[in-house]
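Hi,

Here is the structure I promised to pass on to you. Have a look at it first, and my notes follow underneath.

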Amino acid sequence: MIIMISSKGETLQSQPNLRFGRAPFFIEYNLSDDAWTAQRNEAVKESSGAGVSTSQYIINQQASAVISGNFGPNAQRALSYAGIKMLTFDDTYKTIQSVIEGFKSNRLEEF
Amino acid sequence: MNTIKIAVASGKGGTGKTMVATSLAACLDKYYSVQFLDCDVEAPNAHLFLKPEIDSIQSAEILVPEVDQVACTGCGKCVEVCEFHALAQMGDQILLFPQLCHGCGSCQRVCPVNAIHEIPRKIGNLRSGKVRSGIRFHTGDLTISEPMPTPIIRQLKSRITNETRITILDSPPGASCAVVATIHDADFVILVTEPTPFGLHDLKQMLGVLDQTGSPGGVIINRDGIGDVRVEDYLDQTSCPVMMKIPYQAEIAVGLAKGKILSDFIPQYQSEFLNLYKKILEMIEDKEQVGA
């Protein structure tokens, strides 16, 4: 199962990014083998439609769940249409690692 | 003969665009035929001063794609071509986000199996009417929650007739697409500002826009007496003249708050606005000679 987390940086020690569509990076994390990669979010530079564009990217990566601080209305519609689970963290989560642990122990809230 | 298009813009909001535009229209209407367009479709307010009788209301629409999911092969070309990310693909389904669509029609053109046709979507209204003095009046309003004013502004501007001598365009504030859509083909742009750091900052942005559109422009300093001299100091270094100053005065605020036109309740402005028009004509002619 692949989950994706909006991130400010490229490591598991990076700060999670509270915004979805304009997050600079996404950490793609595979729960079956704990392998992960950091990916630049190309939608950051879009003048409009960043939420839809980022959602399309998440869908293309075949993620099962996506975790961010918040989801805009367009992203919400695209992701829920595609059946991708949306979960949120708040600013008490200081690292991507802590978000992943939160996900594994079911502490994250569903959006 | 083409109508003379004079746009009134500002950069900063609340500097007095509509005050200037309505006064100028009212003064010129005594001598010429005038049409007035309130292009601030997100917050139109010129009708509060000109008080037109609206005789026609039409829907403003843009064309958005409708995908025939049976004919669609899910190739994704429409999603790829859309600059505005108004389309997304989930498996073999295409999902439309209507509020992101600019109605450009590219998706329909690239579809290899003609699975896309365009359908109208209402985003607001166009209203036309007549002011008692004779001014032909056009305004638009964008439906609340709709994000895109430019299609309405374009449709509004298609109502401009060349039989009318003068067209006054009351622009939205800012220096965004909506402003460019309003002023890009104007013969002259009046920039209304105030002598404050905010007024100067946003005025500079508008001067940058005029550099791009190529229209001649001039500045009216409103609320003269507040702030400082930096606006004038700055303009001294440009080719853009200060054409008029309107003082910061309680009497003006009181009149405007009652929905009156400045040149009606302080008649000295009638000659000031007529002089402004003469200067505008001279600057348009100068510009044409340089261009020729």
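Let me start with a helix of chain B. Helix α1 of chain B, residues 17-28, lies across five strands of that chain: β1 (4-9), β2, β8, β9 (188-193) and β10 (217-224). Its direction makes an angle of about 165 degrees with β8(B). Please keep in mind that this is a predicted model.

Helix α7 of chain B (residues 197-213) also lies across β1, β9 and β10 of chain B, and runs at about 170 degrees to β9(B).

Now to the sheet itself. In chain B, nine strands make up an open sheet with mixed pairing, and their order is β3-β6-β7-β2-β8-β1-β9-β10-β11. At the edges are β3 (53-67) and β11 (242-247) of chain B, each of which pairs on one side only. On average, and ignoring direction, neighbouring strands of this sheet are turned by 20 degrees against each other.

If you want one strand pair to zoom in on, try β2 (residues 34-38) and β8 (residues 166-170) of chain B: they run parallel and are joined by five bridges. Within that pair, B:Leu37 has B:Leu169 in β8(B) as its bridge partner.

Finally, the two chains meet. Twelve residues of chain A are in contact with nine residues of chain B. On the chain A side, α1 (50-60) and α2 (73-81) of chain A each supply at least two residues, and α1(A) gives the largest share, five residues. Sorted by class, this side of chain A has five nonpolar, six polar and one charged residues.

Happy exploring, and best wishes!

Definitions and conventions: Residues numbered from 1 in each chain as written. Chains lettered and ligands numbered in written order. Predicted model: local features only at pLDDT ≥ 70, side-chain atom pairs only at ≥ 80, totals over all residues. Contact = placed C-beta atoms within 7 Å. Helix = DSSP H or I, 4+ residues; strand = E, 2+ residues; numbered from the N terminus. Nonpolar A, V, L, I, M, F, W, Y, C, P; charged D, E, K, R; others polar. Pairing = 2+ DSSP bridges. Axes fitted to C-alpha atoms, helices over the stretch in contact; angles between N-to-C directions.
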